[in-house]
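Reader: Could you take me through the ligand site, with the reasoning behind each term?

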Amino acid sequence: MSDVKIIEGAHVVTVTGAEHPGGHIVVTGDRITAVGAGPAPAVEGAEGAERIDGTGCLATPGLVNTHHHLYQWASQGYAPDHTLFEWLTTLYRPWAKMDAEVVAGAASAGLGWLAKSGCTTSTDHHYIFPKGRGDLFAAEIDAAAELGVRFHPCRGSMDLGRSQGGLPPDEVVEDLDTILAETEAAIDRHHDASFGSMLRIAVAPCSPFSVTKDLLVRSAELARARGVRLHTHLAETTDEEDYTREHFGATPVEYMDSLGWLGPDVWLAHCVHLHDSDIARLAATGTGTAHCPSSNARLGSGIARVAELLAAGAPVGLGVDGAASAELVPLGGEIKQAVYMQRARSGPRALTARQALEIATIGGARCLGREAEIGSLEPGKLADIALWDVGGFHAAIDDPVLALAAGGTPPLRRLLVGGRTVVADDALATVAQDEVARRGAAAHRRLMTLAEEVL
Ligand SMILES: Nc1nc2[nH]c(O)nc2c(=O)[nH]1
């Protein structure tokens with residue numbers, strides 16, 4: 001049987017190069033082997049190839065989600081009118097009751113939801129590990145493998161409880177030695193650095209107000225010794241900046257800079273409250289930002305200075321953040337949210353539809369250190385491709401990129417991850433969609449039952 005797929009007739013947006021209205025993409029195995037204008041050329045293996053009609057479709061690279069907390073699928077709708085600190089202090093205790101079954105169901109639903117909105121690669125930041133409740137990290141890794149999306153789970157951590165001046169209650173934090181040992185074990189067990197990897201681990205202490213200086217320094221040493229990336233939350237709210245100024249006499253970015261935490265191997269979630277000097281440092285060091293516009297709006301955190309970060313040359317990717325701070329947000333929809341929020345802050349030329357698509361694709365790939373593999377449609381890259389059906393209601397917009405970026409998330413005719421079909425005709429193809437949704441609802445009910453006495 002041929003392992004060739006040929007997409008023809010779509011408006012192909014390569015992102016890093018030309019756009020081809022009525023163009024083609026040829027996929028052989030897990031790689032893109034040809035991209036261009038008009039019908040596909042004669043290729044080896046074309047006989048018996050699967051031919052995918054792209055008429056009325058927009059073909060883009062698969063979207064990259066650079067920040068998430070999958071377990072939060074199980075706690076959506078809580079603390080709905082709260083600041084980040086109020087929201088966290090409401091939810092830390094119920095989250096401390098989760099077990100591997102909750103994480104498995106939440107991850108299955110959360111990743112399925114992401115795939116249905118064009119996501120082919122996702123990170124996750126999991127930072128609460130209640131003792132004796134199963135292997136939570138493995139549970140989400142299994143969910144991603146079952147669905148067939150590329151996964152970058154970040155082994156998160158918190159070691160600064162309230163009694164030591166942190167925000168989280170003492171019962172949800174771990175001790176430093178356990179964190180480092182478990183993080184290293186996760187790298188040993190799961191990390192695959194090879195080209196085309198489906199699974200890479202990152203080291204991810206949670207945030208300046210929930211981890212010690214020691215943990216930040218030791219985490220950076222561990223990550224660099226093992227050649228994996230570093231991730232954390234940073235500069236999300238003015239409350240956080242008040243905290244770092246009071247405790248460390250520095251802005252969040254200055255604080256992390258002083259600990260060796262800026263660099264091309266680091267990406268930071270949110271970065272809403274940046275000073276000009278912070279932006280210059282992020283750009284100079286090649287530090288990435290995971291921009292999560294809906295979550296920042298839901299929590300009233302503010303609007304990130306994305307246009308300025310891009311102008312300075314800093315890597316910026318897109319993220320949905322956890323579903324508890326941005327309920328049921330589709331990654332494709334965050335493209336529109338990013339455009340609209342930049343424009344609400346800085347006028348109609350602040351961010352174009354194509355710039356937002358770049359953030360969602362090659363920008364995310366840069367944040368994850370994978371720009372040689374994913375994020376654009378080029379021969380030799382992995383065949384992670386979203387084929388958006390912009391021929392229905394969206395067809396009233398002439399520019400298909402604008403239809404995606406301004407018209408709301410169109411249905412997916414196809415989503416390929418490494419050449420494998422993960423979504424077909426707007427439904428999950430590798431797992432039963434109804435079952436995945438059912439698992440997500442069951443995870444929610446289970447967490448609420450486990451957490452009854454603290455909610
Ligand atoms: N949006 C979020 N910000 C956070 N900061 C922190 O320490 N935890 C979180 C989180 O879960 N979501």
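Author: Here are the ligand's surroundings, with the criteria alongside. This is a predicted model, in which local features need pLDDT of at least 70 and side-chain atom pairs count only at pLDDT 80 or more, while totals for chains, interfaces and linings use all residues. Residues are numbered from 1 along each chain as its sequence is written, and side-chain values use heavy atoms, leaving out hydrogens and water.

Reader: What makes Ser207 a polar contact of the ligand?

Author: A polar contact is a pair of N or O atoms within 3.5 Å. An N or O atom in the side chain of Ser207 is 2.6 Å from a ligand oxygen, so the pair qualifies. Gln72 also qualifies, with 2.9 Å to a ligand oxygen, as does Asp321, with 2.7 Å to a ligand nitrogen.

Reader: Which residues are closest to the ligand?

Author: Gln72, Tyr127, Ser207, Glu236 and Asp321, out of 14 that surround the ligand (a heavy atom within 4 Å).

Reader: How do you know how much of the ligand is covered?

Author: By accessible area (Shrake-Rupley method, 1.4 Å probe): the protein covers 100% of the 300 Å² that the ligand has on its own.

Reader: How confident is the predictor?

Author: On the pLDDT scale from 0 to 100, the chain's mean is 97, and 100% of its residues reach 70 or more. The model scores ipTM 0.99 and pTM 0.98.

Key
A polar contact is a pair of N or O atoms within 3.5 Å; within protein, one must be able to donate a hydrogen and the other to accept it, and residues adjacent in sequence count only if both atoms are side-chain atoms.
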